[in-house]
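Here is a short report on how two chains come together, to be read alongside the sequence and the coordinates. Please keep the structure open as you go.

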Amino acid sequence: MKKISLNKDGTPRRRRHSKSAAAPTVSLSIEEIAKLASDQVLKIPVSEDWVKGRLYANYLVNKTTSHDFSEAQSVEDKIEYALTDFDDE
Amino acid sequence: MPLQTSTMNNYFSHLIGQENVKKKLNFYLKAYNATSTCPFLNLVGAKGLGKTLFAKEFAKNLKNKDGAKRPFLELNCSTIKNNEQFFEQIFIPIIMNNEITILFDEAHALPKDLTMAFLTIFNTEKTNTKDFTFEDQTFTFDFTKQTFIFATTESDKLFPPLKDRLTTVDFEQYSSDNLGEIVKLNCDGINFSDEGLKLLSSTVRGNARNAVMRSKEITLYCESENQNTFELQDFNNLVDLLGILPEGITCTEKQILQILADRGSCKLQTLSAVTGLSPTALRRDHEVYLLRRNFIQIDGERKITKNGLNLVKNII
């Protein structure tokens, strides 16, 4: 546990945080955002974390697709076989 | 009345050795002629003992309902990746509704999902057909039309419930006389002296495939020397030309024997360090034949036996 430093008056000294506090967020549906945005609004700022989250979600979806693709590929791998009909024996 | 050996062996009389295998396969062929069904055979034995040859010969004697010879499909299981690939490439175009014999060679390498499918398919009790549903399609296996044979060198790796559904046919090592006969049979028109043939068969490591390969070398030798006899002097010449070592041991096996002869005994790790081969490679590929022929023994450490010492002296 970290050691707590005290001020001269005995109150605990506030810690300095390296990161600034995150801006408060609200959750809105796509329809609500569309109502609020005027025709002039071309871009809506979103957090970097939200973009990263969406990119990862899309990656997972694509990963499933590529799994199917690899199965399709393996079907195309040829099974080795030899067929003998004994006609000339 | 017990069946006579001569009657029992008539389907395979032209093949050398494996008398027990011949008896079993003859029995199943006769049963097939009477019932049109055959158990799912599993041919088990080391490399080069003739599993594929016997399977092919067995298939040749299975007749279709119209009396024609049945085609024989030989599959290498290590190239089968999954059920979908098997049903698309093999079952639908070649097997379905056809009269055919199928050999699953290297059956221990079957993919897991096909092994599971086979548990269902080969779980037949009284019926001769089995419907298997895969991806909304139903495939019918008719065992009066289709005969399934499996072959493997590593039966321990075959899924036990699948093994339980198969009838095992065990192959045995060939005797020196059998190997000599195989060499003679594959060297058409060449006369052998007894001594030359005996020494030759000692260099093929009890393995029929090696005997066939050695026969090809003898044929080449006799053609290049323009002769149709093979005697002791020819054997010595061939040994010299091809660098064949006594008892057919390889250069690595010779190295192992020499190390053990020099050191008396040593640990696997030491043997690995001296030869530069991994302990697994030593155990799996190089020690087995030396152990089988009693040239070395393992008793905590690797030790050379009296036979092994004699062999080393013979080589030097």
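## Where the chains meet

In this predicted model, 19 residues of chain B are in contact with 12 residues of chain A. Three elements of chain B, namely helix H3 (51–60), strand E2 (72–76) and helix H4 (83–95), each supply at least two residues of the side that touches chain A. H4(B) gives the largest share of that side, with 6 residues. Sorted by class, the side of chain B that touches chain A has 7 nonpolar, 5 polar and 7 charged residues.

## A sheet built from both chains

The contact between the chains also involves strand pairing. Strand E1 of chain A (residues 81–84) pairs with E2(B) in the antiparallel sense, over 4 bridges. If you would like a pair to look at, A:Tyr81 has B:Leu75 in E2(B) as its bridge partner. E2(B) also runs parallel to strand E3 of chain B (residues 100–105), to which 5 bridges join it; here B:Leu73 has B:Ile102 as its bridge partner in E3(B).

Which strands make up the sheet, and in what order? The order of its 6 strands is E1(A)-E2(B)-E3(B)-E6(B)-E1(B)-E7(B), and they form an open sheet with mixed pairing. E1 of chain A and strand E7 (167–170) of chain B stand at the edges with a single partner strand each, so one side of each is left without a neighbour in the sheet. On average, neighbouring strands of this sheet are turned by 20° against each other, direction ignored.

H3(B) packs on the sheet, where it touches E1 of chain A as well as strand E1 (41–44), E2, E3 and strand E6 (146–152) of chain B. The direction of H3(B) makes about 170° with that of E6(B).

## Chain B as a whole

Chain B has 15 helices and 12 strands, and its C-alpha trace spans about 65 × 50 × 45 Å along its principal axes. Of its 316 residues, 31% count as buried. Among contacts in chain B between residues at least 6 apart in sequence, 68% join residues at least 24 apart.

## Domains of chain B

Chain B is divided into domain 1 (5–170), domain 2 (176–244) and domain 3 (251–315). The centres of domain 1 and domain 2 of chain B, taken over C-alpha atoms, are 34 Å apart. Between these two, 5 residues of domain 1 are in contact with 8 residues of domain 2. The side of domain 1 that touches domain 2 has 2 nonpolar, 3 polar and no charged residues.

Definitions and conventions
Residues numbered from 1 in each chain as written. Chains lettered and ligands numbered in written order. Predicted model: local features only at pLDDT ≥ 70, side-chain atom pairs only at ≥ 80, totals over all residues. Contact = placed C-beta atoms within 7 Å. Nonpolar A, V, L, I, M, F, W, Y, C, P; charged D, E, K, R; others polar. Pairing = 2+ DSSP bridges. Domains from an automatic or database assignment. Buried ≥ 20, exposed ≤ 12 C-beta atoms within 10 Å, placed from the backbone. Axes fitted to C-alpha atoms, helices over the stretch in contact; angles between N-to-C directions.
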